[in-house]
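Q: Please take a close look at one part of this model, namely its aromatic ring pairing. I would like a connected account of the residues involved and of the surroundings to which they belong.

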Amino acid sequence: MATLKRANFANTEEGIRIENELALMMLDVSLSTQASYSSNSSLYADNSMSFVQKHMAYLECHPKVNADHYLANLRLMTKIR
């Protein structure tokens, strides 16, 4: 089964907008936006994948996900209470 991807998602107008919103989320101290471990050391030398990289990769690999709804849910899930 072939994997569907959004072709060059990061270079599209929507991708740039989403990446900017994720970067703003990282700056918000009321949200938990820690880096994640990645076992792919050839792509991430320190085995650390930033919050933005992680969620951009997810959206690229899941083209049917509505990016605006994803961000709204992500804000709710990362909110520090």
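**Aromatic pairing and its setting**

A: In this predicted model, Y70 has a relative accessibility of 16% and therefore counts as buried, the cut-off being under 20%. Y58, in contrast, is partly exposed, because its relative accessibility is 34%, which lies between the limits of 20% and 50%. When rings are paired by centres within 6.5 Å, the count comes to one aromatic pair. The ring centres of Y58 and Y70 are 5.1 Å apart and their planes meet at 10 degrees, so this pair is stacked. The pair links distant parts of the chain, twelve residues apart: Y58 belongs to helix α2 (residues 51-61), and Y70 to helix α3 (residues 67-78).

These two helices also take part in the largest nonpolar core, which has 13 residues. The residues with the most contacts inside this core are I18, L22, M25, M56, L59, L71 and L74. At least two core residues come from each of α1 (13-27), α2 and α3.

M25, one of those core residues, can be followed further. Leaving aside residues up to four places away in sequence, M25 touches L31, T33, F51, L71, L74, R75 and T78. Two of these partners, L71 and L74, are themselves among the core residues with the most contacts.

A separate backbone feature concerns N47, which is found in the loop between β1 (36-37) and β2 (48-49). Although N47 is not a glycine, its phi is positive, at about 60 degrees.

Key. Residues are numbered from 1 along each chain as its sequence is written. This is a predicted model: local features need pLDDT of at least 70, side-chain atom pairs count only at pLDDT 80 or more; totals for chains, interfaces and linings use all residues. Side-chain values use heavy atoms; hydrogens and water are left out. Rings of Phe, Tyr and Trp (its six-membered ring) pair if their centres lie within 6.5 Å; planes under 30 degrees apart count as stacked, over 60 as edge-to-face and the rest as tilted. Helices (H or I, at least four residues) and strands (E, at least two) are DSSP runs, numbered from the N terminus. Buried means under 20% relative accessible area, exposed over 50%, partly exposed in between (1.4 Å probe, protein chains only). A nonpolar core is a set of buried Ala, Val, Leu, Ile, Met, Phe, Trp, Tyr and Cys residues joined through side-chain atoms within 4.5 Å. Contact means heavy atoms within 4.5 Å.
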